[in-house]
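These are my notebook entries on one structure, kept in the order in which I looked things up. I began with a single aromatic side chain and worked outwards from there.

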Amino acid sequence: NGLFYEINGQTIIDHVGGVDDLNNATIRVIGDPTKRITRDPVRMMRVIRHSARNGFEIEPTSWSAVCENNRILALCPPSRLRDELLKDLYSGYSLQWYELSRKSGLFTVLFKPYSNTLDARLSDGKTCTELLTATFRTIDRINNFCRAKGIHRQPDYFLLAFILIPWAIRTFDIFRKPTSGSQLFQFSKKLRENLNNNIGPQLNLKRSTRQEITTLLTHLPSIAAHKQEHSWPKWLKRKSYFQKCRLLFYYWMEATRSEPVPEALLSTGKTSHPALPVKQGRKSAYNRRGRPAFTTCTTKSIF
């Protein structure tokens with residue numbers, strides 16, 4: 001918003017040195033960064049976004065303002081934070097976004113469950129930060145692949161569940177939890193309550209979204225425990241959560257073991273579907289109910 005185009009002279013009007021910043025690959029907040037950020041904290045997310053997508057350096061004063069004021073991001077409407085976050089998750093540059101968000105402190109404001117666990121080491125010796133780096137790298141690769149092939153992207157709850165796996169391992173040790181019985185129900189209940197109290201209000205996630213995340217994380221251990229040369233029991237395949245949970249498991253295998261997700265599983269959501277046949281015949285009275293009948297005898301008349 002710092003550059004203007006003068007139509008008659010076909011020239012750029014630049015009052016803030018924006019052209020020089022573009023030439024120097026610099027991201028700079030116009031005016032006093034602290035004042036601008038205080039008036040609209042979401043501007044911090046856009047500073048990170050433009051830097052991540054374009055590979056530009058953030059000007060030191062602007063970067064300091066983002067780091068020092070990261071906590072006021074929580075004052076913004078949660079639904080606005082959610083919408084801005086999803087733009088970055090599907091951008092194809094989520095890894096660069098994650099690195100900058102983590103360093104600036106914005107990431108833990110958006111993902112409250114990670115507030116005290118980013119540097120924690122898990123049972124395999126890796127930290128949550130290392131696993132999240134691999135997670136976002138996987139998200140970018142698959143999103144870019146699906147975009148190039150014309151395949152539907154995964155729903156919001158799926159990516160959020162994927163991002164929350166390291167936290168679930170740290171907090172609940174999910175891959176060592178029981179996969180059936182009353183203990184599984186109790187674990188699912190605790191997981192849902194934790195999500196409802198933390199990330200749910202922070203991002204204004206719908207109840208159905210939170211439930212889908214809970215379902216995927218609850219049953220992910222079942223998929224991992226019964227994996228035998230890519231073959232699962234029939235009773236597990238009949239479960240409603242099996243398809244998405246299996247795909248989430250493959251996402252996790254790519255992130256942690258560098259085993260690419262099978263393209264066949266991604267291709268099931270291609271956008272080019274054959275058109276459904278149109279039924280011919282007389283329309284029922286129910287379908288015609290409430291619709292005005294336009295006469296062909298006169299103009300500007302109905303009925």
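I looked up Phe107 first and found that it counts as buried, because its relative accessibility is 0%; buried here means under 20% relative accessible area, exposed over 50%, and partly exposed in between, with a 1.4 Å probe and protein chains only. The model is a predicted one, in which local features need pLDDT of at least 70 and side-chain atom pairs count only at pLDDT 80 or more, while totals for chains, interfaces and linings use all residues. I note also that residues are numbered from 1 along each chain as its sequence is written, and that side-chain values use heavy atoms, with hydrogens and water left out.

Next I went through the ring pairs, where rings of Phe, Tyr and Trp (its six-membered ring) pair if their centres lie within 6.5 Å, planes under 30 degrees apart being stacked, over 60 edge-to-face and the rest tilted. I recorded a count of 14 aromatic pairs by this rule. The rings of Trp97 and Phe107 have centres 6.2 Å apart and planes at 70°, so I entered this pair as edge-to-face. It links distant parts of the chain, with Trp97 in helix H6 (residues 94–104) and Phe107 in helix H7 (residues 106–110), 10 residues apart; helices (H or I, at least four residues) and strands (E, at least two) are DSSP runs, numbered from the N terminus. Phe107 also forms a stacked pair with Phe111, at 4.9 Å centre to centre and 25° between the planes, and Phe111 too is buried at 0% relative accessibility. I then saw that ring pairs link Trp97, Tyr98, Phe107, Phe111, Tyr114 and Phe136 into a cluster.

Which residues have the most contacts inside the largest nonpolar core? They are Trp97, Phe111 and Phe136, in a core of 84 residues; such a core is a set of buried Ala, Val, Leu, Ile, Met, Phe, Trp, Tyr and Cys residues joined through side-chain atoms within 4.5 Å. Helix H15 (residues 242–257) gives the most to this core, with 10 residues. Leaving aside residues up to four places away in sequence, I found Phe136 in contact (heavy atoms within 4.5 Å) with Leu89, Ser94, Leu95, Trp97, Tyr98, Phe107 and Ile163.

I turned to helix H10 (residues 165–172), which is largely enclosed by the rest of the structure because 6 of its 8 residues are buried. These are Ile165, Pro166, Trp167, Ala168, Ile169 and Phe172, and they pack against helix H8 (128–149), helix H9 (156–163), helix H11 (181–197), helix H13 (207–225) and H15. Pro166 has a relative accessible area of 0% and touches Tyr114, Leu122, Cys128, Leu131, Leu132 and Trp252, again not counting residues up to four places away in sequence. Its C-alpha atom is separated by 9.2 Å from that of Thr135, 31 residues apart along the chain. Just after H10, Asp173 takes a positive phi of about 50°.

Last, I noted the totals for the protein chain, whose secondary structure comes to 17 helices and 4 strands. Buried residues make up 44% of its 303 residues, and among contacts between residues at least 6 apart in sequence, 67% join residues at least 24 apart.
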